[in-house]
Amino acid sequence: MSKRDEYEKRVEAYLMPVMEKNQFELVDVEYVKEAGTWYLRAYIDKEGGFTVDDCELVSRQLGEWLDREDFIDDSYILEVSSPGLGRPLKKEKDFKRSLGEQVEVRLYRAVDRQKEFTGALAAYDEDTVTLRFEDGTETSFEKKDIALIRLAFDF
């Protein structure tokens, strides 16, 4: 297990009881390096949306726990926030909740000269994701070929 995976799993394990106690949903935890800076991000949500106070509560509890445990070697910035409108689908519950919803799929390599597809999430399993397009046709993609899959949104 990589250091990144270990950090994410430990933080997720700590946050699960906090989420249950407050009736929040832990959408994702990620430890990523961007522009030379490490970020530890926890994405949370709750029915009806969460507030700044909810975010502060989780951030404070998580920050205090991280200070006590002190298991992350690098310096990092802690962020607790909403997954946003373009919420990525990563876990089984994300796919289940999004069946029938419009999603965007970005592939690592082009298929028929196209790397981005938008359609209704028609089906999924451990290895594939199937989109239904407006014309009624369906296409399946191997999950290993998908760089990003998230809810689509129109402005």
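Let's start with the lining of the largest pocket. How many of its residues are nonpolar, polar and charged? Eight are nonpolar, none is polar, and four are charged. Keep in mind that this is a predicted model.

Who are these residues? The lining is made by P88, L89, K90, K91, E92, F95, Y108, K143, I146, A147, L148 and I149. Look for them on the structure. The pocket's volume is about 270 Å³.

Which elements supply at least two residues of that lining? There are α3, residues 92-98, and β8, residues 146-151. The top contributor is β8, with four residues.

Now step back to the whole protein. There are three helices and eight strands. Going along the sequence, the order reads α-β-β-α-β-α-β-β-β-β-β. The C-alpha atoms fit in a box of roughly 55 × 35 × 30 Å along the principal axes. The protein has 155 residues, and 37% of them count as buried. Next, contacts. Take those with a separation of 6 or more: 50% of them join residues 24 or more positions apart.

On to helix α1. This helix covers residues 3-22, which is 20 residues. How far apart are its end C-alpha atoms? They are 29 Å apart. At 1.5 Å a residue, the helix should span 28 Å, so the two values agree.

There is a kink in α1, though. The kink is about 30° and sits at L15. Shortly after L15 comes a proline, P17.

Which residues of α1 are buried? They are Y7, E8, V11, Y14, L15, V18 and M19. So L15 appears twice: at the kink, and among the buried residues. What covers the buried residues of α1? The cover includes β1 (25-34), β2 (37-45) and α2 (52-69). Right after α1 comes Q23, with a positive phi near 60°.

Next, three acidic residues, one at a time.

Take E25 to begin with. E25 is in strand β1. Is E25 buried or exposed? E25 has a relative accessible area of 18%, so it is buried; the cut-off is under 20%. What does E25 touch, beyond its neighbours within four places in sequence? The contacts are M19, Y43, I44, D45, R87, K93, D94 and R97. One of them, M19, is a buried residue of α1. How far is E25 from Y108, one of the pocket-lining residues? C-alpha to C-alpha, they are 29 Å apart in space, and 83 residues apart in sequence.

Then D45. D45 belongs to strand β2. D45 counts as buried because its relative accessibility is 17%. Leaving out residues up to four places away in sequence, D45 touches F24, E25, V27, F50, P83 and R87. R87 is on that list, and R87 is also a contact of E25.

Finally, E47. E47 lies in the loop between β2 and α2. Buried or exposed, this E47? E47 is exposed: its relative accessibility is 79%, and the cut-off is over 50%. Compare its position with L15, at the kink in α1. E47 and L15 are 32 residues apart in sequence, and their C-alpha atoms are 18 Å apart in space.

To recap. The pocket lining has eight nonpolar and four charged residues. Helix α1 is kinked at L15. E25 is buried, D45 is buried, and E47 is exposed.

How values were computed
Residues are numbered from 1 along each chain as its sequence is written. This is a predicted model: local features need pLDDT of at least 70, side-chain atom pairs count only at pLDDT 80 or more; totals for chains, interfaces and linings use all residues. Side-chain values use heavy atoms; hydrogens and water are left out. On a 1 Å grid over the protein atoms alone, a cavity is a set of points where a 1.4 Å probe fits but cannot get out, and a pocket is an open set with protein on both sides within 12 Å along at least five of seven lines; lining residues have an atom within 4 Å of a point. Grid points are joined across faces, edges and corners, and a volume is the space filled by probe spheres set on the points. Ala, Val, Leu, Ile, Met, Phe, Trp, Tyr, Cys and Pro count as nonpolar, Asp, Glu, Lys and Arg as charged, and the others, Gly among them, as polar. The expected span of a helix is 1.5 Å times one less than its number of residues. The bend at a residue is the angle between axes fitted to the seven residues ending there and the seven starting there. Buried means under 20% relative accessible area, exposed over 50%, partly exposed in between (1.4 Å probe, protein chains only). Contact means heavy atoms within 4.5 Å.
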